[in-house]
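Visitor: Hey, got a few minutes to walk me through this one? I'd like to see it before we start.
Guide: Sure, here it comes.
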Amino acid sequence: MKFLYEEDIINRIGEKRFKHTLRVVDTAKELAQIYGADLEKTKIAAYYHDCAKIKDYDKLIEECRKYDLKLTKEMKAAPQIIHSYLGAIIAEKKYGVKDKEILNAIRYHTTGRESMTLLEKIVFLADYIEPMRNFNGVERARELAKVNLDNAVYFSLNNTLSHLCKSNDYIVLDTVKARNFILEMEDGKIF
Ligand SMILES: [Fe+2]
Ligand SMILES: [Fe+2]
C-alpha cells in the first residue's frame, strides 16, 4: 500500500505514533478478512485513525481551533477523545476522505458508540489489540477478536470502563452506550 500524506501525518503525530498507525492498518486488515469488511475502506480508516493524535495539548487545541472543532464538556473532561473527532475532520478536509462510514470509524475509534458498524468495530478493536499493545486483558481481547467480533469489542469496552473507574477518570457516555448496546443485542448472553 502506498501511504498518502505520510510526511504530513508524521510531522503532526511523530514517528512512534505513525508506526502504531501502520500496525493498526495491518491488524485491521486481518480483522476485515475474518469478518468480511471492505478491505479498502478498512485500510483507509485505520490509516487515518490517529492522524490528529497530537502529543502537545496546546498544539492539539490550536489545531481544533483551526478546524473549527468546538470542544464539548466531555472532550474537556476526557481530552484523550479529542483526537478522534479532530482526526475525522482532518481526514475529510485535508486528506479528502469523503466516505461517511470511514469518517465515523475514525471519529468513534476511541470511545465506541451505540450501534457501531462493522468498520467502526474493526478500527476500534485493531487499535486496541495491535501487536505492540501490552496491558492486562489484551491477550484475551486478541483471542476473542479471532472468533467473535462483538464479544471482543464488548470485552475491550468493559476492560476500558473498569480501568477508567479504577483510576477515577471521566467516562464518556458513548462508551457506556456502546457497551450496553452489545449486551442488549446479545440478550445478556455475551459470554
Ligand atoms: Fe487514537
Ligand atoms: Fe491509535
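Visitor: Let's start with Asp 127. Is it buried or exposed?
Guide: Asp 127 has a relative accessible area of 10%, so it counts as buried. Bear in mind that this is a predicted model.

Visitor: Which salt bridge does Asp 127 take part in?
Guide: Its side chain meets that of Arg 133, with N and O 3.1 Å apart. Arg 133 is partly exposed, at 26% relative accessible area.

Visitor: And which metal does Asp 127 bind?
Guide: Asp 127 is one of the protein donors of the iron ion (ligand 2). The others are His 20 and His 49, each through NE2, and Asp 50 through OD; Asp 127 also uses OD. These donors lie 2.2 Å from the iron.

Visitor: What does the geometry look like there?
Guide: Irregular, with 4 donor atoms and angles of 83 to 176 degrees among them. Along the chain the donors of the iron ion (ligand 2) follow H-x28-H-D-x76-D. Asp 50 and Asp 127 link distant parts of the chain, 77 residues apart. Asp 50 is in the loop between α3 (39-48) and α4 (57-66), and Asp 127 is in helix α8 (residues 118-129).

Visitor: How far is the iron ion (ligand 2) from the iron ion (ligand 1), and which residue coordinates both?
Guide: They are 3.4 Å apart, and the shared residue is Asp 50. Asp 50 is buried, with a relative accessible area of 1%.

Visitor: OK, so what are the protein donors of the iron ion (ligand 1)?
Guide: Asp 50 through OD, plus His 83 and His 109 through NE2, lying 2.1 Å from the iron. The spacing in sequence is D-x32-H-x25-H. His 83 sits in helix α6 (residues 82-93) and Asp 50 in the loop between α3 and α4, so that pair ties together parts 33 residues apart in sequence. Both Asp 50 and His 83 are buried.

Visitor: Switching to annotation. Which residues does UniProt list for "domain: HD"?
Guide: The UniProt entry, an unreviewed one, gives residues 17-132 for it. In the model, that span is 66% helix and 0% strand. Its end C-alpha atoms lie 12 Å apart.

Visitor: Back to charges. How many salt bridges are there in the whole structure?
Guide: A search finds 16. As a general point, side chains of opposite charge can pair when their charged atoms come close.

Visitor: Where do Asp 8 and Lys 94 sit, the pair that links distant parts of the chain?
Guide: Their side chains meet in a salt bridge, 3.1 Å from N to O. Asp 8 is in helix α1 (residues 6-13), and Lys 94 is in the loop between α6 and α7 (100-107), 86 residues apart. Asp 8 has a relative accessible area of 25%, so it is partly exposed. Lys 94 is partly exposed too, at 35% relative accessibility.

Visitor: What about Arg 113, which residue does it form a salt bridge with?
Guide: With Glu 120, the closest N and O atoms being 2.7 Å apart. Arg 113 is partly exposed, with a relative accessible area of 22%. Glu 120, at 1%, counts as buried.

Visitor: Does Arg 113 turn up elsewhere? I mean, which residues line the largest cavity?
Guide: Arg 113 is in that lining, along with Ser 115, Met 116, Lys 121, Asp 150, Ala 178, Phe 181, Ile 182 and Met 185. The largest share of the lining, 4 residues, comes from helix α11 (residues 173-185).

Visitor: What volume does the largest cavity have?
Guide: About 40 Å³. The structure holds 1 cavity of 30 Å³ or more.

Visitor: Last one, back to helix α8. Is Leu 125 buried or exposed?
Guide: Leu 125, which is found in helix α8, counts as buried because its relative accessibility is 0%. In space, Leu 125 and Leu 149 are 8.4 Å apart from C-alpha to C-alpha, with their positions 24 residues apart in sequence numbering.

How values were computed:
Residues are numbered from 1 along each chain as its sequence is written. Chains are lettered from A and ligands numbered from 1 in the order in which they are written. This is a predicted model: local features need pLDDT of at least 70, side-chain atom pairs count only at pLDDT 80 or more; totals for chains, interfaces and linings use all residues. Side-chain values use heavy atoms; hydrogens and water are left out. Donors are N, O and S atoms within 2.8 Å of the metal (3.2 Å for Na, K and Ca); water is not among the atoms, so sites may look incomplete. Four donors count as tetrahedral if all angles lie between 85 and 135 degrees; four count as square planar and six as octahedral if opposite donors are over 155 degrees apart and all others between 65 and 115; anything else is irregular. Helices (H or I, at least four residues) and strands (E, at least two) are DSSP runs, numbered from the N terminus. Buried means under 20% relative accessible area, exposed over 50%, partly exposed in between (1.4 Å probe, protein chains only). UniProt positions are given in the numbering used here, feature names are shortened, and annotations may be inferred rather than shown by experiment. A salt bridge is a side-chain nitrogen of Lys or Arg within 4 Å of a carboxyl oxygen of Asp or Glu. On a 1 Å grid over the protein atoms alone, a cavity is a set of points where a 1.4 Å probe fits but cannot get out, and a pocket is an open set with protein on both sides within 12 Å along at least five of seven lines; lining residues have an atom within 4 Å of a point. Grid points are joined across faces, edges and corners, and a volume is the space filled by probe spheres set on the points.
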